[in-house]
Every structure is written in structure tokens, then in C-alpha cells.
Amino acid sequence: MKLNNIINTVKFFPFYLLFAPFWFSNGVVDKFYGVFFGTYAGDSWAGWKEYIAGNWAKKPVTDFLLVPFFDYLFPVLMLLQILPFILLAVSFLKMEFMPGKSKLWLKAGILASLFVTSAMCFSQTLAGTSDVQYLFQFWAVSLLGFWYVENQEKALLNK
């Protein structure tokens, strides 16, 4: 019985260990901190514009549809990439990993990860970049994570 309680408590930790550091690194550090505090040239606004818009410019459709709007789309991307980390941090602080507690913020964090990864996959697929491979993998992990948490929460609450 005691081991079962431990398992029910720690079974959601892998999602915090996977998603929170990923979005902290890719959203908060690379985008927000890099752009606003100029950590190094690659993470500056100009560095990201060169990288992202440069990839978009390789295909006529994304060159036409996305490159002219980079300066408007990039702040949205920055916010979207920070959102999963914030939601996961709230979930952790609310101790949603505990058995019997609603997993609302955890599901919201994983759903935000799924959404931002989908948006990135959309643009990278249209542009035909190699980044799309790891994005599709992360999209699949996000989808499975959301499904797992949703089903585990239902199972725990229906006992």
C-alpha cells in the first residue's frame, strides 16, 4: 500500500522533468532572456530573425507568407514558448502531482506545449527545415503526455 502511494505521487514527475526544463531553456532562456538581455549574438532578436526567417526564406510559400511578418510573429512565439513553463511551475507549486488533486495546471502546461510545438511544426514543415523532425517527436511526446495525465487523473479520481 505504501509503495502504491509513492508510485501515485511520483508518476507525474517525469512530465515536470521533461517539459519544464525544455521550455525553460527554449522559451525563457533562448528567447526571452536572450532577446531582452542579449546573452549572445545567436539568441538576440537579429540572430533569431536570421535563423528563423532565413529558414522560411528557403521556400517561396513561407518566404511570402511568413518572412514579412516575422517581427509580429516572433513575440507571439516567445510568449507561446514561455507559457508551458509558467503553467507547469504553477502546477508544481500547487502540488498537483499529489494523488487525488486535480491536474488542471499540469494538463494546461502540456497542452500549451502541444500547441506551441504544433505552431512551430506548421511553419517548419512548410519551410521544409530539418528542425521539423525533433519538433514532430516533441509533438508526439506532448500528445502522449497529455493523454497519459488525462487518463491517470480520471483513473485516480474514479477510485
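1. A quick definition before anything else: contact here means heavy atoms within 4.5 Å. Helices (H or I, at least four residues) and strands (E, at least two) are DSSP runs, numbered from the N terminus. With that in hand, the buried residues of α3 pack against α2 (13-37), α4 (60-65), α5 (70-93) and α6 (104-127).

2. Some housekeeping. This is a predicted model, where local features need pLDDT of at least 70 and side-chain atom pairs count only at pLDDT 80 or more, while totals for chains, interfaces and linings use all residues. Residues are numbered from 1 along each chain as its sequence is written, and side-chain values use heavy atoms, with hydrogens and water left out.

3. On the overall fold: the protein has seven helices and zero strands, so to speak a plain α-α-α-α-α-α-α when read along the sequence. Its C-alpha atoms fill a box of roughly 60 × 30 × 20 Å along the principal axes. Take the contacts between residues at least 6 apart in sequence: 68% of them join residues at least 24 apart.

4. Burial next. Buried means under 20% relative accessible area, exposed over 50%, and partly exposed in between (1.4 Å probe, protein chains only). By that yardstick, 40% of the 159 residues are buried. The protein exposes about 9,100 Å², and carbon and sulfur atoms supply 73% of that; accessible areas come from the Shrake-Rupley method with a 1.4 Å probe, and for residues only the protein chains shown count as cover.

5. Back to α3, which covers residues 45-56. The expected span of a helix is 1.5 Å times one less than its number of residues. The 12 residues of α3 reach 16 Å from first C-alpha to last, close to the 16 Å expected. Its buried residues are Gly47, Trp48, Ile52, Ala53, Asn55 and Trp56. Trp48 also has company: the charged end of Lys31 sits over its ring, 3.9 Å from the centre (the cut-offs are NZ of Lys or CZ of Arg within 6 Å of the ring centre and within 35 degrees of the ring normal).

6. The UniProt record (unreviewed entry) puts "transmembrane region" at residues 12-29, 72-93, 105-126 and 132-149. Its positions are given in the numbering used here, feature names are shortened, and annotations may be inferred rather than shown by experiment. In the model, residues 12-29 are 94% helix and 0% strand, with end C-alpha atoms 24 Å apart. Residues 72-93 come out 100% helix and 0% strand, with ends 33 Å apart.

7. There are 20 aromatic pairs. Rings of Phe, Tyr and Trp (its six-membered ring) pair if their centres lie within 6.5 Å; planes under 30 degrees apart count as stacked, over 60 as edge-to-face and the rest as tilted. Phe24 and Phe85 are a tilted pair, because their planes meet at 50 degrees, with centres 5.1 Å apart. The pair links α2 to α5 across 61 residues. Phe24 is partly exposed at 36% relative accessibility, and Phe85 is partly exposed at 25%. Elsewhere, ring pairs join Phe12, Phe15, Phe19, Phe22, Trp23, Phe138 and Tyr148 into a cluster.

8. Last, the C-terminal part. The 24 residues of α6 should span 34 Å, and the end C-alpha atoms are indeed 34 Å apart. Gly128 follows α6 with a positive phi, near 70 degrees. In α7 (residues 131-157) sits Gly145, buried at 1% relative accessible area. Gly145 touches Phe15 and Ile110, not counting residues up to four places away in sequence.
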